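Below are my notes on the model you sent. They go through the barrel, the open sheet, the helix contacts, the ligand site and a few backbone details.

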Amino acid sequence: MAHQGVLNADIRKSRINRNIYGHFSEHLGRCIYEGIWVGEDSPIPHTDGMRNDVLAALRQIKIPLLRWPGGCFADEYHWMDGIGPREGRKRMVNTHWGGVVENNHFGTHEFMRLCELLDCEPYISGNVGSGTVREMSEWVEYLTFGGESPMSELRKQNGREEPWKLTYFGVGNENWGCGGNMRPEYYADLYRHYQTYVRNYGDNKIQRIACGPADDNYHWTEVLMREAGRYMDFLTLHYYTIPGPSWTNKGSATGFAEGEWFGTLEKALRMDELLTRHSAVMDRYDPDKRVGLSVDEWGTWYDVEPGTNPGFLYQQNTMRDALVAALSLNIFHKHSERVRMTNIAQLVNVLQAVILTEGEKMLLTPTYHVFDMFKVHQDAELLDLTLDCGAYSYDGKEIPELSASASRDSEGRIHISLCNLNHAAGSSVSLDIRGLNGQPAHLSINGTILTADVMDAHNTFDQPEAVKPQDFTGYRLENGKLSVELPAMSVVVLELTPKP
Ligand code: AHR
């Protein structure tokens, strides 16, 4: 199908906050333990107990922000269990996730060290469901207070003299569900109460994050904004793409048919409507958009890989996941005036992970490659792009065939990300490039593509590079028109650099 569009390179919209490219790591399955933390005695090469291969891969995609320790785990986590000499730390049962023993070897110091090694911002979720106001307040004091106090003395005893910088703090997680089964009115009051004691010490300024809704629960957004909007800096949204009809039949990560490809992308595209409607509610209470919307859990959720612990949420990751990631990021760009943070679930070995590990082996998933290709959009300015995205039909239903976004970075380079959602047919795009002072001919262009021959193409520990980005040359620039030939099921990023 042929698609026409216009890119106005001089019409800048909102800034694409780099935190839109954030990640989420929970004490769940093999995300923290094995995926990141192997311990200081491990034969796997590591830095302070954290595996070097994973650290290097994450640095490459410039992860800006990492959320921890949950998830549902956050409202069962008592941070004092995870400090002090490791051999003396409390062992607990991770009741939410597989009923396994949590030895608390990865705690506050280890998480903050991980963020230092990744050069990313920490985002900590506090415990409202089963924790006290005092516990939350003391955690923030332990982390950020520089003077003399019981918590800063404890931190020093545990080997950390200086306070850490902490900007993002969540007051509970999914408090309508695993975080306490609360009504929005009750949580709104609790939020106001707990956040009062999340103090700013010295020059550390905390952005307080309130638990928002899941999916299309606009009532939750309404109540939270009305009752507590003025006390928060962010409200969260959780939305997972689940292809199957129910929680007991979510669909398989691989070996799926055409209908599931189409249905998964259709469900992922629903993010656009959810953001539009939740933002509309927020606009009524906060027209200046002071409060950010943080989609701090999103991604695909399938049935676990056969033979793995159902509580560990381990799934493979295919070309379909790459399309879900790419179109979701394009949607987040579009809403970047309000959406200033997102966290894909989850970092390693859980749900739509960017990395999978097995013993000392590691592989990068197709989703990883999308984050690598799209990192050029971080902190860039969204440009005005209108494109006839056409229709991709299956079984009497239609979704747009294309997803697209464009931005300009601080050095004047323009990046265009394009996805062809159609699993069976290629697509042609013709873009009129305007607003370059009449000089579109003076552009140098290069491109990268991620594509595959089959819908469930994926990387395995035996074939870790079956799906990986390649150079892309399927474009032409003539008389200010950029023509691009997108193969079926592909993600392309083009870089346009103005020549002097
Ligand atoms: O990401 C897995 C789980 O999904 C999280 O723990 C929870 O917040 C959500 O329901």
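1. Basis. This is a predicted model, in which local features need pLDDT of at least 70 and side-chain atom pairs count only at pLDDT 80 or more, while totals for chains, interfaces and linings use all residues. Residues are numbered from 1 along each chain as its sequence is written, and side-chain values use heavy atoms, with hydrogens and water left out. Helices (H or I, at least four residues) and strands (E, at least two) are DSSP runs, numbered from the N terminus.

2. The barrel. Eight strands close into a barrel in the order β2-β5-β8-β9-β10-β11-β12-β13, and the pairing is parallel. Two strands are taken to pair if DSSP finds at least two bridges between them. From one strand to the next the twist averages 25°; axes are lines fitted to C-alpha atoms, for helices over the stretch in contact, and angles run from 0 to 180 degrees between N-to-C directions. As one pair in detail, β11 (residues 234-241) and β12 (residues 292-300) run parallel and are joined by 7 bridges. Thr241 stands opposite Thr300 of β12.

3. Helices on the barrel. Helix α2 packs on this sheet and touches β5 and β8 (121-126), its direction making about 150° with that of β8. Helix α5 also packs on the sheet, touching β9 (168-171) and β10 (207-210), at about 160° to the direction of β10. Contact here means heavy atoms within 4.5 Å.

4. The α5/α6 pair. Two packed helices are described by the angle between their axes and the distance between the axes. For α5 (residues 184-196) and α6 (residues 218-228) the angle is about 35° and the axes are 9 Å apart. The crossing is right-handed, a term used when the near helix is turned clockwise from the far one by less than a right angle; anticlockwise would be left-handed. On the α5 side the contact is made by Pro184, Glu185, Tyr187, Ala188, Tyr191 and Arg192, and on the α6 side by His219, Trp220, Val223, Leu224, Glu227 and Ala228. These residues divide into 8 nonpolar, 1 polar and 3 charged. Ala, Val, Leu, Ile, Met, Phe, Trp, Tyr, Cys and Pro count as nonpolar, Asp, Glu, Lys and Arg as charged, and the others, Gly among them, as polar.

5. The open sheet. A second set of 10 strands forms an open sheet with mixed pairing, in the order β23-β22-β26-β20-β19-β16-β1-β21-β25-β24. Its edge strands, β23 (470-472) and β24 (475-478), each pair on one side only. The twist averages 25° from one strand to the next. Helix α9 (residues 366-374) lies across β20 (414-420), β22 (443-451) and β26 (490-498), and runs at about 170° to β22.

6. Around β25. Strand β21 (residues 427-434) runs antiparallel to β25 (residues 481-486), with 6 bridges between them. Ser427 stands opposite Leu486, and Asp432 opposite Lys481. Strands β24 and β25 are also antiparallel, with 4 bridges; Leu477 has Leu482 as its bridge partner in β25. The hairpin of β24 and β25 has 2 residues between the strands, and Asn479 in it takes a positive phi near 50°.

7. The ligand. Which residues come nearest to the ligand? Of the 13 residues around the ligand, these are Glu26, Cys72, Glu174, Tyr240 and Glu297; a residue counts as near if one of its heavy atoms lies within 4 Å. Several polar contacts (pairs of N or O atoms within 3.5 Å) can be listed. A polar backbone atom of Cys72 is 2.8 Å from a ligand oxygen. An N or O atom in the Glu174 side chain is 2.7 Å from an oxygen of the ligand. For Gln346, a polar side-chain atom lies 3.0 Å from an oxygen atom of the ligand.

8. Backbone details to check. Gln346 follows a cis peptide bond from Ala345, with omega about -15°, and lies in the loop between β13 (339-345) and β14 (355-358). Another cis peptide bond joins Trp68 and Pro69, with omega about 5°; Pro69 is in the loop between β5 (65-68) and β6 (92-94). Asn104 is not a glycine, yet has a positive phi of about 60°. Asn104 sits in the loop between β7 (100-102) and α2 (108-118).

Technical notes. Polar contact = N/O pair within 3.5 Å; in protein donor to acceptor, adjacent residues only side chain to side chain.
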